[in-house]
Amino acid sequence: MTTRAPAVEARQLIKTYPGDVTALNGMDITVEPGTVLGLLGPNGAGKSTTVKILTTLARPDSGSAAVAGHDVLRHPDRVRRVIGVVAQNSGADPVATGRENLRLQGRLHGLTGRALNERVAALLERFSLTDAAGRQVKGYSGGMRRRLDVALGLVHRPEVLFLDEPTTGLDPEARTAMWDEIGRLAGEEGLTILLTTHHLEEADRLAGRVAIVDRGRIVVEGTPDSLKGELRGDAVHVELREPLGEAGSTLLRGALAALPGINETHLDASRVSVRADDGAAAMPALLGALERAGVGVAAATVARPSLDDVYLRYAGRRYSDVEAEAAGHLALAGGAR
Ligand SMILES: Nc1ncnc2c1ncn2[C@@H]1O[C@H](COP(=O)(O)OP(=O)(O)OP(=O)(O)O)[C@@H](O)[C@H]1O
C-alpha cells in the first residue's frame, strides 16, 4: 500500500485580529485524500479563519499549512489551481444566467471551446440546473443558488473542495438535497472535502471525520461514531423547574456522585446532564436524589449520546449555550454579520 500525503495539513496555526482577538490558537488539521472532514464549532470558533488561510485568502501569524502538497504561504498560486472554494456568500453574478456564470468561471480557469461547453453542460446536469440554465440567478431559489455555487467551485476539477457552511440559510428540504449532493461528491468522485458547519446533525451526516473547534483550536477529532462511542452509556438530561443556586449545586453534586452507575455530571443553572451506564435504570435514583435535594424537575430525557454531548465533554460548555451567546452578541451588534 502506498502512503499518500494528506490532502490538507495545517500545523499550529495562530491568527490574531486587531483588537487582540485570537481567532486561531494552535489549529492542527489533517485531511486524508478522498475523505470529508467536518470542522464543527459554534459561531466565532475560528472555522472561517482556518478556511481563509488554507485557501490563501489570509496569512497566519505563525504556523504552516499545505494543500495537496503545496505550501499555502510559499506557493499560493499552486494551491489555488487545485482547490475549489464555496464561500458562505454566493460568488455568482445574480443578473447573469446559471450557464453564463459557469461559462465565465470555466474561462477564468482556461477552458475554451468544446471542453468548456461539455464541462458546463455536465455540471448543469449534475446539479439539476439544466432546465434553469438560461434564467437569471436572481430568480433562483436558495437551494438552486447553493447548487450553482458548488458547481462553480468544481468547474476546474479541483482535488480539494472547501465548503464554508454549505447549508446555512437553506430550508430543510433543500438542506437534505444538498447533503445528498455532497455525499455523492465525496463517495463517487473521491473528492477531498473540508467543510465547516455549526450544525451537529450536518457533521454527523456528512463527515467521515469530525474535528470539534473551540476557541481557535481542535479540542477533539474522530469519526462521528467513535466520538459518540467514547461517551459510554446513555446521556440523561434533566431540565429543572427553577435555577439552582450555588449551595444547591454543591449539594446536588455530592448527592449525584454517590449514585451508582452514573459516570459524569454536568450541572448548570437549570439543567443537569449525566452519563449513565444504563440511563433508564439510573433515572429513578437520579430523580429521587433531585427530589431529596428539593429540586423540582420540569422534564427528563434519556438518549444515546449525540455530538452535542461530545461537545459538552470536550469543550466544557454546551453547544446550544455558545450559539445562543453568539446570537446575543449579534443582536447587540445589530445583526451586523
Ligand atoms: N476580519 C476580522 N477582524 C477582526 N476579528 C475577526 C475578523 N474575522 C474574524 N474575526 C474574529 O475571529 C474569531 C473567529 O472568527 P471566524 O469567523 O473564523 O469563526 P467561525 O467559527 O468561522 O464563525 P462563523 O461560523 O460565525 O463564521 C471571532 O472572534 C471573530 O469575531
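## Exercises on two sheets and a ligand shell

Four strands make up an open sheet with antiparallel pairing, in the order 12-13-11-14. The model is predicted: local features need pLDDT of at least 70, side-chain atom pairs count only at pLDDT 80 or more, and totals for chains, interfaces and linings use all residues. Residues are numbered from 1 along each chain as its sequence is written.

**Exercise 1.** Work out the edges and the pairing of the sheet 12-13-11-14.

*Solution.*
- Step 1: fix the terms. Strands (E, at least two residues) and helices (H or I, at least four) are DSSP runs, numbered from the N terminus. Two strands pair if DSSP finds at least two bridges between them.
- Step 2: find the edges. Strand 12 (262-268) and strand 14 (297-303) each pair on one side only.
- Step 3: take the twist. Neighbouring strands of this sheet are turned by 15° against each other on average, direction ignored. Axes are lines fitted to C-alpha atoms, for helices over the stretch in contact; angles run from 0 to 180 degrees between N-to-C directions.
- Step 4: inspect one pair. Strand 12 and strand 13 (residues 271-276) run antiparallel, joined by six bridges. Aspartate 268 stands opposite arginine 271 in strand 13.

**Exercise 2.** Describe the sheet 2-1-4-5 and the helix that packs on it.

*Solution.*
- Step 1: read the order. This open sheet has four strands, with antiparallel pairing. Its edges are strand 2 and strand 5 (70-71).
- Step 2: place the helix. Helix 1 packs on the sheet and touches strand 1, strand 2 and strand 4. Its direction makes about 115° with that of strand 1. Contact requires C-beta atoms, placed from the backbone, within 7 Å.
- Step 3: check a pair. Five bridges link strand 1 (residues 8-17) and strand 4 (residues 62-67) in the antiparallel sense. Isoleucine 14 faces serine 62 in strand 4.

**Exercise 3.** Which elements supply the shell around the ligand?

*Solution.*
- Step 1: list residues whose C-beta atom, placed from the backbone, lies within 6 Å of the ligand. Among them are Tyr17, Val21, Lys47, Ser48, Thr49 and His198.
- Step 2: assign elements. Strand 2 (21-31) and helix 1 (47-54) each supply at least two residues. Helix 1 gives the most, with three.

**Exercise 4.** Set out the domains.

*Solution.*
- Step 1: take the bounds, from an automatic or database domain assignment. Domain 1 spans 8-227 and domain 2 spans 232-304.
- Step 2: state the separation. The C-alpha centres of domain 1 and domain 2 lie 41 Å apart.

Terms used:
A residue is near a molecule or strand if its C-beta atom, placed from the backbone, lies within 6 Å of it. Two residues are in contact if their C-beta atoms, placed from the backbone, lie within 7 Å.
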